Amino acid sequence: MKNFKMILKILKNKPIAFLNSYITYQLATMFPLVTGLLMREIFSNYEKGKTDTTVWWFIGFFIAVLLARIVSVYFYSITNATSRFVSSSLVRVNLLNKIMEKPGAKALNKSNGDTLNSFREDIGQIEDFITVCFNEFLSVFIFSALSLFVLIKINYKITLLVFSPLISVIIIVRMTGNRITKYRKDNRKATGVVSSALGEMFTNIQAIKVYGSEESMKENFKKLNTAREKFAIRDNMFTQLLMSIYENILSIGTGMILIVVSFSIKEEKFNLGDFTIFIYYMNFISSFIQYFGNVMTKYKHTAVAIKSISDISEGINRENLVENTPLYIKEEIPEIQENNLEDGDKLTALSTENLTYLYPETGGGIENISLNVEKNTFTVVTGRVGSGKTTLLRTLLGLLKPQDGKVYWNNNLVNKPDEFFIPPRIAYSPQIPHFFSTTVEENILLGKDKNKSDINNAIYLAVMEKDIENIQNGIHTVIGTNGVKLSGGQQQRLSAARMFVRDAELFVFDDISSALDVETEEALWTRLFEKENATCIAVSNRRGALKRADNIILLKDGKVMAQGKLDELLGNNEEMKLIWGESI
Ligand SMILES: Nc1ncnc2c1ncn2[C@@H]1O[C@H](COP(=O)(O)OP(=O)(O)OP(=O)(O)O)[C@@H](O)[C@H]1O
């Protein structure tokens with residue numbers, strides 16, 4: 001019932017689109033009611049031997065009704081497309097908003113491929129259910145109720161027989177309900193596994209080729225698809241089987257009613273007109289019963305789809321998915337407001353107190369980290385591989401939700417770090433940057449207003465000006481999947497340029513050095529600190545960064561082992577000596 005309420009909420013939130021679609025379909029289904037009554041009159045007149053001009057009037061009217069029906073079906077195709085689009089878009093937009101609200105590093109529980117499947121197919125299932133239940137079934141239901149009223153007046157005993165197939169359909173739906181759900185769940189799960197494998201294969205093409213793993217990948221993919229094939233066929237066969245059972249029950253039911261009607265004609269309880277309208281309406285009432293079975297089956301499928309959507313990310317519930325969010329279909333999308341900081345909000349100091357995040361999967365992470373970063377200083381986080389450097393940055397920025405600890409900005413507690421630590425407070429460059437398949441310029445701006453941004457300065461600070469000069473269309477060159485491929489170092493610096501264009505209070509670099517040569521890295525730090533008010537936290541084991549640091553935070557096994565300037569640490573800390581010895 002909760003799923004049904006959720007779907008009703010979609011209709012309530014977007015009533016115009018739904019009502020347009022429903023009314024046009026209801027109109028299209030109501031015309032046959034008139035057609036039936038006209039046919040009854042024509043045949044009753046015919047039986048009475050009346051073939052005068054009134055019959056032709058009836059026939060003319062009959063054709064007019066048919067044409068009106070064609071017109072309403074045409075309009076339904078338009079209104080229904082809008083209603084489908086609006087209902088699924090509402091769920092899609094809400095789902096996307098909810099995913100975006102999650103801490104960045106843990107936004108999705110599923111693979112990208114499987115998440116896309118949910119966006120496309122699971123939400124498509126909800127859209128489909130709304131059309132079948134609230135346009136088609138509801139319209140046919142109202143038509144059937146009205147036509148039953150006409151038929152009861154003609155012969156109530158025979159009319160009651162119409163319900164016998166309905167009872168059989170209800171019994172079948174109840175008996176098969178669990179099986180419908182199970183088969184759909186298995187199918188959905190197997191499809192998810194295949195989509196995930198496909199996504200991983202595409203991102204790892206290079207590794208597959210380098211290690212000559214094509215055959216084993218193919219074998220594995222074949223295995224997954226064979227499993228999926230089995231579940232998909234079982235699910236679809238079962239659905240089709242149910243549909244054909246409903247259809248056959250109806251045919252048998254209609255046949256039985258016709259036999260009873262024919263006896264009534266024999267006993268002259270029915271005239272030709274009554275008989276005609278009975279047969280004509282029966283056809284539509286039967287489709288109501290078929291729709292009923294169809295709707296019940298689709299409802300079970302929709303419940304599986306809703307569960308699968310909720311599983312995409314932690315804490316997504318039905319209410320979230322149907323909030324009345326604007327879709328901006330006809331309205332102008334409001335301009336994005338850039339955040340400007342009040343003077344009191346500008347950075348003076350950033351600190352953490354006992355910050356703790358341990359990955360539930362491995363138990364690795366950081367524990368009880370307390371640190372302090374002053375304005376206009378350079379803090380370097382260093383430590384061996386796996387010591388917790390990346391986890392510390394991600395937790396500090398709210399990309400991972402800490403299990404314990406607090407973060408303070410200018411001595412004020414930050415309650416929602418993931419919403420707070422965005423430009424112009426903080427700009428962050430992750431260890432592995434990601435780009436869109438568009439121009440260098442758009443990748444740097446990422447939605448920021450071009451007229452309010454100094455792209456050339458950002459490129460200069462990131463030591464990227466020569467690279468940009470050497471590519472064909474400069475900052476207008478398309479990069480990524482559909483364009484020029486950038487080297488690891490170019491990607492790191494493009495990510496830095498993305499930060500610098502934001503002119504943030506604090507720059508956070510996660511291991512930018514890893515893909516840069518010593519000279520380029522040196523140039524980057526020099527240019528950055530020529531800028532008077534730069535405050536920076538960087539993960540690095542490079543000598544250039546360590547020498548420059550105002551404060552080094554040395555991590556070991558997720559804890560702060562020591563803090564201070566390079567000379568102090570080299571004087572009394574073996575771990576620091578080891579890292580310095582290995583660094584360049
Ligand atoms: N996504 C994850 N899931 C589970 N455990 C993780 C995850 N990421 C990191 N860990 C674990 O947390 C610990 C700290 O990892 P982290 O990546 O923060 O270290 P690091 O110092 O940044 O390493 P590197 O120098 O290799 O970047 C490690 O023990 C690692 O295995």
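Helices here are DSSP runs of H or I that are at least four residues long, and they are numbered from the N terminus. With that in hand, we can walk through the structure, keeping in mind that it is a predicted model.

Let us begin at helix 10, which covers residues 389-396. This helix is mostly covered, since 8 of its 8 residues are buried. You can find them as K389, T390, T391, L392, L393, R394, T395 and L396. After the helix comes G398, whose phi is positive, near 85°.

Helix 10 also brings us to the ligand. The shell around the ligand takes 3 residues from helix 10, which gives the most to it. There are 13 residues around the ligand, and those that come nearest are Y359, G364, K389, T390 and T391. Sorted by class, the shell holds 9 polar, 2 nonpolar and 2 charged residues. Notice that K389, T390 and T391 are also among the buried residues of helix 10.

Next, look at the sheets. Strands of a sheet pair through backbone hydrogen bonds, either parallel or antiparallel. One open sheet has 6 strands in the order 6-7-8-3-9-10, and its pairing is mixed. Strand 6 (426-429) and strand 10 (559-564) are at the edges with a single partner strand each, so each has one side without a neighbour in the sheet. From one strand to the next, the twist averages 15°.

Strand 3 (residues 378-383) is a good place to pause in this sheet. Why is strand 3 described as largely enclosed by the rest of the structure? The reason is that 6 of its 6 residues are buried. In a regular strand the side chains alternate between the two faces of the sheet. You can follow this in strand 3, where F378, V380 and T382 point one way while T379, V381 and G383 point the other way. All of these residues are buried, whichever way they point.

Strand 3 has strand 8 and strand 9 as partners. With strand 8 (residues 536-539), strand 3 runs parallel and is joined by 4 bridges. Two of the pairs can be traced by name: T379 has I537 as its bridge partner, and V381 has V539. Strand 9 (residues 551-556) also runs parallel to strand 3, and here 5 bridges join the two. In this pairing, G383 stands opposite L555.

There is another open sheet to visit, made of 4 strands in the order 2-1-4-5 with antiparallel pairing. Its edge strands are strand 2 (365-374) and strand 5 (412-413), and each of them pairs on one side only. Strand 1 (residues 349-358) and strand 4 (residues 404-409) are antiparallel to each other and share 5 bridges. Among the residues involved, E353 has K406 in strand 4 as its bridge partner.

Now turn to some helices that pack against each other. Two packed helices are described by the angle between their axes and the distance between the axes. Take helix 4 (residues 112-161) and helix 8 to start: their axes come within 7 Å and cross at roughly 155°. An angle over 145 degrees counts as roughly antiparallel, and helix 4 and helix 8 are therefore roughly antiparallel to each other. The contact of helix 4 with helix 8 has 25 nonpolar, 9 polar and 5 charged residues. Their crossing is left-handed.

Helix 8 (residues 272-310) also meets helix 7 (residues 214-266), with axes that come within 10 Å and cross at roughly 155°. Helix 7 and helix 8 are therefore roughly antiparallel. Is the crossing of helix 7 and helix 8 left-handed or right-handed? It is right-handed.

Helix 7 in turn packs with helix 5 (residues 163-203), at an angle of about 160° and with the axes 9 Å apart. That makes helix 5 roughly antiparallel to helix 7. Their contact divides into 22 nonpolar, 7 polar and 6 charged residues. The crossing of helix 5 and helix 7 is left-handed.

To finish, find Y291 in helix 8. Y291 counts as buried because it has 21 C-beta neighbours inside 10 Å, and the cut-off for buried is 20 or more. From Y291 to G315 is 24 residues in sequence and 34 Å in space, C-alpha to C-alpha.

How values were computed:
Residues are numbered from 1 along each chain as its sequence is written. This is a predicted model: local features need pLDDT of at least 70, side-chain atom pairs count only at pLDDT 80 or more; totals for chains, interfaces and linings use all residues. A residue is buried if 20 or more other C-beta atoms lie within 10 Å of its own, exposed if 12 or fewer, and partly exposed in between; C-beta atoms are placed from the backbone. A residue is near a molecule or strand if its C-beta atom, placed from the backbone, lies within 6 Å of it. Ala, Val, Leu, Ile, Met, Phe, Trp, Tyr, Cys and Pro count as nonpolar, Asp, Glu, Lys and Arg as charged, and the others, Gly among them, as polar. Two strands pair if DSSP finds at least two bridges between them. Axes are lines fitted to C-alpha atoms, for helices over the stretch in contact, and angles run from 0 to 180 degrees between N-to-C directions. Angles under 35 degrees count as roughly parallel, over 145 as roughly antiparallel, 65 to 115 as roughly perpendicular and the rest as oblique. A crossing is left-handed if the near helix is turned anticlockwise from the far one by less than a right angle, and right-handed if clockwise.
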